[in-house]
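These are my notebook entries on a single structure. I recorded helix packing, charged pairs, surface patches and backbone angles as I looked each one up.

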Amino acid sequence: MSNQTTVTEFLLLGFSDVRELQILHFVVFLMIYLAALMGNLLIITAIALDHHLHTPMYFFLVNLSILDLSSISVTIPKSMANSLTNSRSISYCGCVTQVFLFLFFISVDFALLTVMAYDRYVAICQPLHYERVMNRTACVQMAASAWISGILYSALHTGGTFAISFCGGNRVDQFFCEIPQLLKLACSHSDLSERGVIAFAACLVLSCFVFIIVSYVQIFKAVLRIPSEQGRRKAFSTCIPHLTVVSLFLFTGTVAYLKPTSSSASGLDLMMGVLYSVVPPMMNPIIYSMRNREVKGSLSKLIVCRLFSKNKMSILSHNVLRKKMSNQTTVTEFLLLGFSDVRELQILHFVVFLMIYLAALMGNLLIITAVALDHHLHTPMYFFLVNLSVLDLSSISVTIPKSMANFLMNTRSISYSGCVTQVFLFVFFISADFALLTVMAYDRHVAICQPLHYERVMNRTACVQIAAGAWISGILYSALHTGSTFVISFCGGNRVDQFFCHIPQLLKLACSDSYLNETGAIVFSACLALSCFVFIIVSYVQIFKAVLRIPSEQGRRKAFSTCLPHLTVVSLFIFTGTVAHLKPTSSSASGLDLMVGVLYSVVPPTMNPIIYSMRNREVKDSLSKLIGLRLFGKNKMSIFLH
């Protein structure tokens, strides 16, 4: 016990030692926490007040929202308090409590997602027995079992973790008490019992995962046998939110726990911690409210009722408001442009887009992993490259999955709120992408033209601040664009001549003279884009002048090898974006519109990893080592047996 009692507190990993960045981190986490709080409370309130939603599926959804609220409340407030007070400590008892509660809520969450898969299976595959099987008593028993199993699992895990002796200090390389990081502090061989518990937990998770997969195989078989298209769409609308939430939960959890733990603190550890502890609780309400028509309708009624109750004493102002809103509220959804009405071609487009999406996913994740695991690449240039890969992944994930879902379900519709979200996120990621490319040009300029000042100018703090500036400017720019687009009235119908919600195509639907604000925003953004473009051009003129003055050919080649990938990516981005936005919009849908849309929304995120891995020797070598290590890891046992 002596080794344990010497540890009276742990030191958590901070996001930064710079006071200004600590305040920025506090503000960002506060916004995330409030968004998760508001989203989950809205879901709970909407279901509680709407009697049409008093069904087993929504009973489990309320439990899920409570768990999401609870899990994010275990980690985020403590991290915010530490940032605000410029502290990193957490007491031993506080760490034990945090581990227990976080594991409890996360494990109950996964158990409940498994139960919800069973609920969807019974509802779709055995609809005549649904009320008998999923009666009130059964639902309460299932939910109670999930909560009790979470308590037992968490107690087992927490006990196994804190029964060990800590000989590796008290510094936890994560912003909250996380078991893999705590095990790094254990004395040798003293953590065997906890590793046994982790193996047992992995078996349980795998069993639940297999159960969910088998359930959805049966569900999709049953749905595809439904004769009416409306029936299939309704069935899918209740399943897809749950499947998306399960995928998000498993993906973030798997990445966080299967990633090899590094011997020292890294930005990747922090990013993974945020990914699986913060993102799911914040995104789950959005997924359910965006993809589920009943929840969306209930939330709309709830908000409208609140607005009506605030304005019921002012009939005149209410009538004026109704007149102003009439043109907008008539558009409840938009119809996106399909690639074909032939079912076989729709399936072909689905397969092609799936292959493109997986290629972009794999390419960008390989870049992120290679840079994270290779310490030689922990430089400003590759830090910005990781940010670029994250943005590329995010931008292609905004457009492609929705289009694939439309192909699969033979539909073309997207809700009004879904369109707003798609426009906001796409413009955000694209604008942050361009801002980051401009920053990367400056980074290359300092590295080649002012090499002696490079470490001082592009230090860690400066890099984080510059990257944060790019992301924040993207949010502000996207909010300006999205707000000025959807404040207009749509009188030209609801048919968007593009496979995703595209601002130039939405403006075609605007009433005459009602899009002047958005036109002004476009002119302003064109000036900003032109300024960034001029900055990039001037930077590269200076860079090429400096490179051509390098006496050795090897030095010139090395300088060019770090510049050419970035210059190629910038050229691809500007060319595709210019073609897409300067091409005259036609009055009717055309194949050219679709081709141009694919050109600038799909091609850059897919090609950027290829360009960087093909043209940059350091990235290429790192990827080769990474793939070689993976292959060696898979084959070393077979070699030993041989």
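**Entry 1: helix packing**

I began with helix α2 (residues 19-49) and α3, which pack with their axes 9 Å apart and at an angle of about 165°. That angle is over 145 degrees, so I entered α2 as roughly antiparallel to α3. I noted the crossing of α2 and α3 as left-handed. The model is a predicted one, and I read every value in these entries as computed from it.

I then turned to helix α3 (residues 56-85) and helix α4 (residues 92-125). Their axes lie 9 Å apart and meet at an angle of about 160°. I therefore recorded α3 as roughly antiparallel to α4. The crossing of α3 and α4 is left-handed.

Next I looked up helix α15 (residues 380-409) against helix α18 (residues 460-486). For this pair I found an angle of about 25° and axes 11 Å apart. Angles under 35 degrees count as roughly parallel, and α15 and α18 are therefore roughly parallel to each other. Their crossing I noted as right-handed.

**Entry 2: positive phi values**

Which residue in the loop between α3 and β2 did I look up? I looked up Asn86, which is placed in that loop, with β2 covering 89-91. Its phi is near 55°, a positive value in a residue other than glycine. I kept in mind that most residues other than glycine have a negative phi. Asn86 counts as partly exposed because its relative accessibility is 49%.

I made a second such note for Asn410, with phi near 55°, again positive in a residue other than glycine. Asn410 sits in the loop between α15 and β4 (413-415). Its relative accessible area is 30%, so I listed Asn410 as partly exposed.

**Entry 3: salt bridges**

Side chains of opposite charge can pair when their charged atoms come close. How many salt bridges does the model hold? The count came to six.

I followed one group in detail: Arg171, Asp173 and Lys184 are linked in a network of salt bridges. Asp173 pairs with Arg171, and the closest N and O atoms of the two are 3.8 Å apart. The cut-off for a salt bridge is within 4 Å. Is Asp173 buried or exposed? With a relative accessible area of 7%, Asp173 is buried. Arg171 has a relative accessible area of 45% and is therefore partly exposed.

Lys184 forms a salt bridge with Asp173 as well, with the closest N and O atoms 3.0 Å apart. This pair links distant parts of the chain: Lys184 is in the loop between α7 (179-183) and α8, whereas Asp173 is in the loop between α6 (136-162) and α7, eleven residues apart. I entered Lys184 as partly exposed, since its relative accessible area is 27%.

Elsewhere I checked Arg444, which forms a salt bridge with Asp443. In this pair the closest N and O atoms are 2.9 Å apart. Both Arg444 and Asp443 are buried.

**Entry 4: a nonpolar surface patch**

I looked next for nonpolar side chains on the surface. Leu206, Phe209, Val210, Ile213, Val214 and Val217 form a nonpolar patch there. Together these residues have about 490 Å² of accessible area. I took Phe209 as one member to follow up, and its place is in helix α8 (residues 192-224). Phe209 has a relative accessibility of 33% and so counts as partly exposed.

**Entry 5: a buried cysteine**

My last look-up was Cys239, which I placed in helix α9 (residues 229-258). Why is Cys239 classed as buried? Its relative accessible area is 1%, and buried means under 20%. I also checked the spacing of Cys239 from Ile219, which is 20 residues apart from it along the chain. Their C-alpha atoms are separated by 8.7 Å.

Notes: Residues numbered from 1 in each chain as written. Predicted model: local features only at pLDDT ≥ 70, side-chain atom pairs only at ≥ 80, totals over all residues. Heavy atoms only, no water. Patch = residues over 30% accessible without salt bridge, like charges linked within 9 Å, V, L, I, M, F, W, Y side chains within 5 Å. Areas by Shrake-Rupley, 256 points an atom, 1.4 Å probe, with all protein chains shown as cover. Helix = DSSP H or I, 4+ residues; strand = E, 2+ residues; numbered from the N terminus. Buried < 20%, exposed > 50% of the residue type's maximum accessible area, 1.4 Å probe, protein only. Axes fitted to C-alpha atoms, helices over the stretch in contact; angles between N-to-C directions. Parallel < 35°, antiparallel > 145°, perpendicular 65-115°, else oblique. Left-handed = near helix turned anticlockwise from the far one by under 90°.
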